[in-house]
Amino acid sequence: MDRITRLGGRSARRFRLGLAWVLVPCIFVFDTVTNYEIAGAVFYLVAILLAVGLLSTRGVIIMAGLCVGLTLLSLAMTPRGNWNVGLINAGISIAAIGITTFLAIRILVAEAAANNARVQLTRIARITSLGALTTSIAHEINQPLTAIVTSGHAGLRWLEQEPADLDKVRRNLDRIVADAKRASDVIARVRTLARGGVSIKERVNLQDVVADTLDLAQADLRRNAVEVDIDIDANLPDVMADRVQLQQVLSNLILNATEALKTESAQRRNVEIRARAGTHDEIVVSVKDNGSGVRPEMLDQMFDPFFTTKAAGIGMGLTITRSIVEAHGGQIWAHPNDPRGACFYFSLPTKDSSAA
Amino acid sequence: MNSNPSEVVQDAGIVYIVDDDASVGEALADLLGAAGLEARLFSSAQDFLQSTRPDVPSCLVLDVRMPGMTGLDLQRQLIALDLTLPTIFITAHGDVQTSVRAMKAGAIEFLIKPFGDQDLLDAVRAGLAKDSSDRREASTIAALRERYASLDAREKEILTGLVSGLLNKQVAGELGISEITVKVRRGQIMKKMQADSFADLVRMMETLRRT
């Protein structure tokens, strides 16, 4: 959220930086033409503070150095007034510039560290949710491998019989080919998922994305005996979105729903995925479960970083989910489900309005 | 790899395979078929429970992870129904906790997918052998029970006394009958129980008491 607002103000940043660079010569002129008694040079602080956060640390130091130099130059060039007062004023100005620059740089460094930590956490959360999927992916790949190895052994045995039973050998070879294809399909899906990183927007059919996501989550859903109902309006227009990120949004919500259903008896573990056209050029997708649900007072906090109800969670899943949805120009929200469980909604614009 | 003739001849029995993955199940059935074993395939634990199974030595090849009833659930259910079969678990994950639980509940093998054919066949053959010896023992015990039931109350009293190590005279004293009667009755007991010797009789009683 924070990041997006900042990115959105790109022209504001340019304006601030421009202002800083215009201010510097103005202050120089003002400081030079006025008497020694007027400490015009302290206004350099304004320019430096404007530039902080827009220039690199080195850039800020260079600017401060320039300001100090100009202050001294003004001192030499100022035609009127008391030289001693001018000297003191210049000294105070230079000290103020030095102290301000030092403090500003410290803030910059701290901010950079905080930013780094945030990037790192996003990556960790991504790895964590991938980790949860890994078990299910490993199972998905191991099944066809087992079938291949076993069919291979069976085929060899039929071949070694006297006389060899070629029909049965062929049957096993056919199964090996089919299972190898099955394993490579799983790998292809995982690679699409892992490519992540750079956002590539394309026309995406929601039905396909839901189907792909469910394919990947299938083993996990089946293991937890979760029934999934899908209700997607076939006439929905395509959305401009990053397919992989959209899969991540869906799989995060499905993963959360599955977690919430673990406390329920196996007969009533149900997840419903719906997609409808919204009121303004948008599609609204909902993921509804009849699990343990959310308390109303949690609804506002649960998208915040580090908010979690899970013992092993780090509370980044929904934060990432929200940042993806918002990067797509959509919104995400949740309601308690009636009579039990939770319902998560997210909207996606059908016209690509985000200039990003 | 090459199946020697004795391998093919010896196996009379049925191997039940329960795996929700059709491909894995079919491959397993095919492998067992190639090794001269009869295999029956079920795609879920429920299907297996509902099937009627002939009264022949058999064993179970069971997938751990299945939707609905898992392999471990099925094992528990079979134990509860007193339908224990030698069970070979197959699983994708070598998860220690699960394997310990399965082995504690009496599984004879826990194979990690993908596994070697000989490992599976060895386990299956061990399972079938165990089931046929279990069955033999069960029928021996049933016969013993029947013979014991044919004894009358007094004979049972005398038998208990004798087996506990008392002499004829002591048994007679304890039950208030003559030593001659005890000797005659002892002969009848041996005949009814089809015991070749007194030591044999003691062994039989030991077996009965154990079960």
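Student: What is the area buried between chain B and chain A, and what percentage of this area do carbon and sulfur atoms give?

Tutor: The model is a predicted one, and in it the contact between the two chains involves 27 residues of chain B and 27 residues of chain A. Carbon and sulfur atoms give 53% of the area buried between these chains, and that area is about 2400 Å².

Student: How many salt bridges does the rule find across the interface of chain B and chain A?

Tutor: One pair whose side chains meet in a salt bridge is R175(A) with E26(B), at 3.8 Å from N to O, a distance that satisfies the cut-off of within 4 Å. Across the interface of chain B and chain A, the number found by the rule is five.

Student: Which helix supplies the largest share of the side of chain B that touches chain A?

Tutor: Between chain B and chain A, 13 residue pairs are in polar contact, with both residues at pLDDT 80 or more. On the side of chain B that touches chain A, at least two residues come from each of α2 (22–34) and α6 (117–149) of chain B. The largest share amounts to nine residues, and the helix that supplies this share is α2(B).

Student: How many nonpolar, polar and charged residues has the side of chain B that touches chain A?

Tutor: The side of chain B in question comprises 27 residues in contact with chain A. Sorted by class, these residues are twelve nonpolar, seven polar and eight charged.

Student: Is A112(A) buried, partly exposed or exposed?

Tutor: A112(A) belongs to helix α5 of chain A, which covers residues 83–160, and its C-alpha is 9.7 Å from that of G53(A), although the two are 59 residues apart in sequence. Buried would require under 20% relative accessible area and exposed would require over 50%. Because its relative accessible area is 42%, A112(A) is partly exposed.

Student: Where in chain A is confidence lowest?

Tutor: The average pLDDT of chain A is 82, with 84% of the residues scoring at least 70, and the highest confidence is in strand β5 (residues 282–289) of chain A, at 93. Over residues 1–9 of chain A, by contrast, the pLDDT is below 50, and this stretch has seven contacts beyond near neighbours in sequence. Where pLDDT is low, predicted coordinates should not be read in detail. The lowest confidence in chain A, a mean of 31, is in helix α1 (residues 2–8).

Student: What percentage of the contacts in chain A with a separation of 6 or more comes from residues 24 or more positions apart?

Tutor: Chain A has nine helices and seven strands, and 41% of its 356 residues are buried. Among contacts in chain A with a separation of 6 or more, the part due to residues 24 or more positions apart is 71%.

Methods:
Residues numbered from 1 in each chain as written. Chains lettered and ligands numbered in written order. Heavy atoms only, no water. Contact = heavy atoms within 4.5 Å. Buried area = accessible area lost by both parts, 1.4 Å probe. Polar contact = N/O pair within 3.5 Å; in protein donor to acceptor, adjacent residues only side chain to side chain. Helix = DSSP H or I, 4+ residues; strand = E, 2+ residues; numbered from the N terminus. Nonpolar A, V, L, I, M, F, W, Y, C, P; charged D, E, K, R; others polar. Buried < 20%, exposed > 50% of the residue type's maximum accessible area, 1.4 Å probe, protein only. pLDDT = per-residue confidence, 0-100.
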